[in-house]
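Please look over the model below with its overall build in mind. The briefing that follows covers dimensions, surface and domains.

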Amino acid sequence: YTRGTVTAFSPFDARADAEALRKAMKGMGTDEETILKILTSRNNAQRQEIASAFKTLFGRDLVDDLKSELTGKFETLMVSLMRPTYIFDAHALKHAIKGAGTNEKVLTEILASRTPAEVRNIKQVYLQEYEANLEDKITGETSGYFQRMLVVLLQANRDPDGRVDESLVEQDAQVLFRAGELKWGTDEEKFITILGTRSVSHLRRVFDKYMTISGFQIEETIDRETSGDLEKLLLAVVKCIRNVPAYFAETLYYSMKGAGTDDETLIRVMVSRSEIDLLDVRQEFRKNFAKSLYQMIQKDTSGDYRKALLLLCGGDDE
């Protein structure tokens, strides 16, 4: 079951695709159109088969060839599409915490939105691929309550969804009210524990109850009572608890809104959600921003990069 825009292509012939790609990159000039059409219309598993056929037939590495033939954002997008699905998040996190400065935005987006099973997988892959412990790497580069919330999310021990106990809902909502609105200064720890460990269905009820008790949406309180990276992370967690596709629709919207485009985020979200829930993301986008994702990409990007993104988007929602 998938709500992705990219699905397995049929009839699929890895060798024929590999040959077409080699031809597109051989000799003078590159046929970008062929490259983008093939790579956006095959799913990730098929792209891996194409890469393997490419190596078998030509003794060349497809990703290396793409890197040497393409440039700029278009190159980044094509190379991102070639990254094996299971490595994608681990790779993004590795790059967010290496070198000078940490990209908190990437840590926030990935750890707030992935399921506990996905987080466990990311940790395992990180260890295998980079021979390093993801939690150690993240704690080494972050601090304060932001770090603590990330660590809680990395434990991937959120309660599984089950029957919701209304008295516990009431209790959590009261605790959050007392820790935030009713307190001089904020008891961040209570927010971290409750938002990081309770089940999704429980928290949705807590948010409703919180509104009843306090007269505020939990987002408004977080906005007022916390700041900086912690605030962004708590808000992302709340949004993902409420509705993951809506969170990604908003992330995409703000990556393109205003002057300049945050292409790194645009590429990361389009690629990582393309086989999961991009159809739902598109629906939420249309509902919340009075225009379609397709129209915004069209307006905000250009060239082969735009063509490829529009194919990944998979259609316009009038």
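With 318 residues, the protein would be expected to have a radius of gyration near 20 Å if it were a compact globule, and its value of 21 Å agrees with this; the radius is taken over C-alpha atoms, and the globule rule is 2.2 Å times the number of residues to the power 0.38. This is a predicted model, in which local features need pLDDT of at least 70 and side-chain atom pairs count only at pLDDT 80 or more, while totals for chains, interfaces and linings use all residues. Residues are numbered from 1 along each chain as its sequence is written, and side-chain values use heavy atoms, with hydrogens and water left out.

**Fold and dimensions**
- The protein has 20 helices and 0 strands, where helices (H or I, at least four residues) and strands (E, at least two) are DSSP runs numbered from the N terminus.
- Along the principal axes, the C-alpha atoms fill a box of roughly 70 × 45 × 40 Å.

**Burial and surface**
- Of the 318 residues, 47% are buried, meaning under 20% relative accessible area with a 1.4 Å probe and protein chains only.
- Carbon and sulfur atoms account for 48% of an accessible surface of about 15,100 Å², computed by the Shrake-Rupley method with a 1.4 Å probe.

**Domains**
- The assignment, which is automatic or from a database, gives domain 1 (14-82), domain 2 (86-155), domain 3 (166-242) and domain 4 (244-313).
- The C-alpha centres of domain 2 and domain 4 lie 23 Å apart, and 9 residues of domain 2 are in contact with 12 residues of domain 4, contact meaning heavy atoms within 4.5 Å.

Terms used: Buried means under 20% relative accessible area, exposed over 50%, partly exposed in between (1.4 Å probe, protein chains only).
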